[in-house]
Amino acid sequence: MKAETRVPLSRPYIGEREEEAVLDVLRSGRLSLGPTIERFEELFAEQVGAPYAAAVSSGTAGLHMLCHIAGVEDGDEVITSPLSFVATANCFILEGGRPVFADVDAQTLNLDPEAVEAAITERTKGIVAVDMFGFPCELDELRAIAERHGLWIIDDSCEALGAEYKGRQIGSQGISGAFGFYPNKQITTGEGGMVTTHSEEEWELLKSLRNQGRSYESRWFHHVRLGFNYRFTDLQAALGIVQLEKLDEILRLRSEAAARYGDLLASLEGIETPHQDDADHKRSWFVYVTKLAPARDRETVLASLAGEGIEAAHYVPCVHLQPYMRERYGFAEGVCPVAEDASDRSLALPFFTGIEAAEQELVVDALSRVIAR
Ligand SMILES: *Cc1c(COP(=O)(O)O)cnc(C)c1O
């Protein structure tokens with residue numbers, strides 16, 4: 001029998017101001033393609049330090065359009081991380097690209113630049129990097145590799161709003177990237193995403209592509225290219241604006257909660273806490289993923305926690321080992337041993353903005369009982 005949930009894995013942080021803002025838009029009659037979207041885009045661009053931002057229907061939609069603009073063609077190889085959400089690879093597979101998975105660094109869990117360089121062939125056209133679990137990836141090294149080999153590069157920043165690389169926000173580095181607003185992200189709009197770019201031309205293209213290739217100089221039904229319906233709505237934008245206003249508070253609460261887990265877990269044997277920040281990398285806390293000692297049976301741990309009403313999770317299974325990936329490309333265990341080991345031992349604990357100390361203590365108490373067994 002499933003116990004009643006006492007501590008969920010994730011929970012959005014929504015208040016009355018969000019409700020009012022959404023109601024205002026509902027009553028305004030401008031539900032899509034309206035001024036609230038433009039306002040959210042301006043505020044978001046300013047927040048991350050990118051000159052241009054385009055709101056889209058999801059983080060995946062944003063990444064997909066960036067791969068479309070990069071000009072991915074059938075059979076092009078694109079290098080990406082196996083330790084990510086499937087969108088990081090799907091965005092170019094949808095355009096005909098072929099995934100090549102380079103292994104990650106055992107500490108940061110982001111693409112290892114040396115592994116990326118070693119994976120380059122004459123068919124390689126691009127790199128989709130990812131700031132996994134909100135920890136900035138090695139953007140300068142990856143960009144240097146891309147430049148050396150004439151490759152395009154995109155940053156999947158969907159988990160990293162508020163993270164900083166070399167003292168500057170993710171999004172400000174000059175590389176095009178996408179952010180996501182699903183309810184477990186730092187800020188949410190229910191569904192939604194934002195592409196940031198440093199090119200005005202790319203920005204115009206994104207706004208056209210998200211709206212069926214519509215031209216903006218001219219008449220309403222005038223379509224100058226093949227596009228998508230990846231539009232955002234003003235209702236979502238209203239939610240996003242209020243969430244963005246709270247971003248500093250959200251990031252602070254999340255980092256305080258992470259620090260609290262660090263303290264509570266310090267005395268537990270056989271549980272590794274997440275990699276620490278350093279001078280060049282400041283994490284924006286997205287999830288709290290621990291690593292179990294190799295001998296631990298994760299299924300037992302998950303089942304015991306679930307028995308106490310605590311939602312924990314395997315976070316995340318490797319992308320190349322997903323059933324559709326094995327089937328399409330024949331990937332198997334052993335392709336990326338570092339990522340596979342990290343994935344096999346991963347245990348995400350309940351983590352969200354506003355998680356209470358008492359909830360975190362429940363989690364760690366339950367965990368310490370399983371581990372002592
Ligand atoms: C959330 C996320 C996305 C985008 O997800 P959507 O559900 O499409 O908004 C992409 N990549 C990573 C790594 C993510 O965590």
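**Exercise 1. Locate K246 in this predicted model, decide whether K246 counts as buried or exposed, and state which residues K246 touches.**

Solution. K246 sits in the loop that lies between helix 8 and helix 9. The next step is to look at its cover: the relative accessibility of K246 is 12%, and because buried means under 20% relative accessible area, K246 counts as buried. Leaving aside residues up to four places away in sequence, K246 touches Y13, I14, G15, R17 and E18. With E18 there is also a polar contact, made between the side chain of K246 and the side chain of E18 at 2.8 Å.

**Exercise 2. Describe helix 8: what is its span, how many of its residues are buried, and which helices do the buried residues pack against?**

Solution. Helix 8 runs over residues 234–245, and its 12 residues reach 16 Å from the first C-alpha to the last, which is close to the 16 Å expected at 1.5 Å a residue. Turning to its cover, helix 8 is mostly covered, with 10 of its 12 residues buried; these are D234, Q236, A237, A238, L239, G240, I241, V242, Q243 and L244. The buried residues of helix 8 pack against helix 1 (16–28), helix 2 (35–48) and helix 9 (247–265).

**Exercise 3. Place R225, say which residues R225 touches, and find how far apart R225 and S255 are in space.**

Solution. R225 is found in the loop between helix 7 (200–209) and helix 8, and its relative accessible area of 35% makes it partly exposed. Not counting residues up to four places away in sequence, R225 touches L205, S208, L209, Q212 and G213, and its side chain makes a polar contact of 2.6 Å with the side chain of S208. For the separation, R225 and S255 are 30 residues apart in sequence, while their C-alpha atoms are 44 Å apart in space.

**Exercise 4. Describe the surroundings of the ligand: which residues are around the ligand, how do the residues of the shell divide into nonpolar, polar and charged, and what percentage of the ligand's accessible area does the protein cover?**

Solution. Around the ligand are S58, G59, T60, S84, F85, A87, V130, D156, C158, E159, K185 and G192, a shell that divides into 4 nonpolar, 5 polar and 3 charged residues. Among the individual atom pairs, an oxygen atom of the ligand is 2.8 Å from a polar backbone atom of G59, and an oxygen atom of the ligand is 2.4 Å from an N or O atom in the side chain of T60. A nitrogen atom of the ligand is 2.7 Å from an N or O atom in the side chain of D156. On its own the ligand has 380 Å² of accessible area, of which the protein covers 91%.

Conventions:
Residues are numbered from 1 along each chain as its sequence is written. This is a predicted model: local features need pLDDT of at least 70, side-chain atom pairs count only at pLDDT 80 or more; totals for chains, interfaces and linings use all residues. Side-chain values use heavy atoms; hydrogens and water are left out. A residue is near a molecule or strand if one of its heavy atoms lies within 4 Å of it. A polar contact is a pair of N or O atoms within 3.5 Å; within protein, one must be able to donate a hydrogen and the other to accept it, and residues adjacent in sequence count only if both atoms are side-chain atoms. Accessible areas come from the Shrake-Rupley method with a 1.4 Å probe; for residues, only the protein chains shown count as cover. Ala, Val, Leu, Ile, Met, Phe, Trp, Tyr, Cys and Pro count as nonpolar, Asp, Glu, Lys and Arg as charged, and the others, Gly among them, as polar. Helices (H or I, at least four residues) and strands (E, at least two) are DSSP runs, numbered from the N terminus. The expected span of a helix is 1.5 Å times one less than its number of residues. Buried means under 20% relative accessible area, exposed over 50%, partly exposed in between (1.4 Å probe, protein chains only). Contact means heavy atoms within 4.5 Å.
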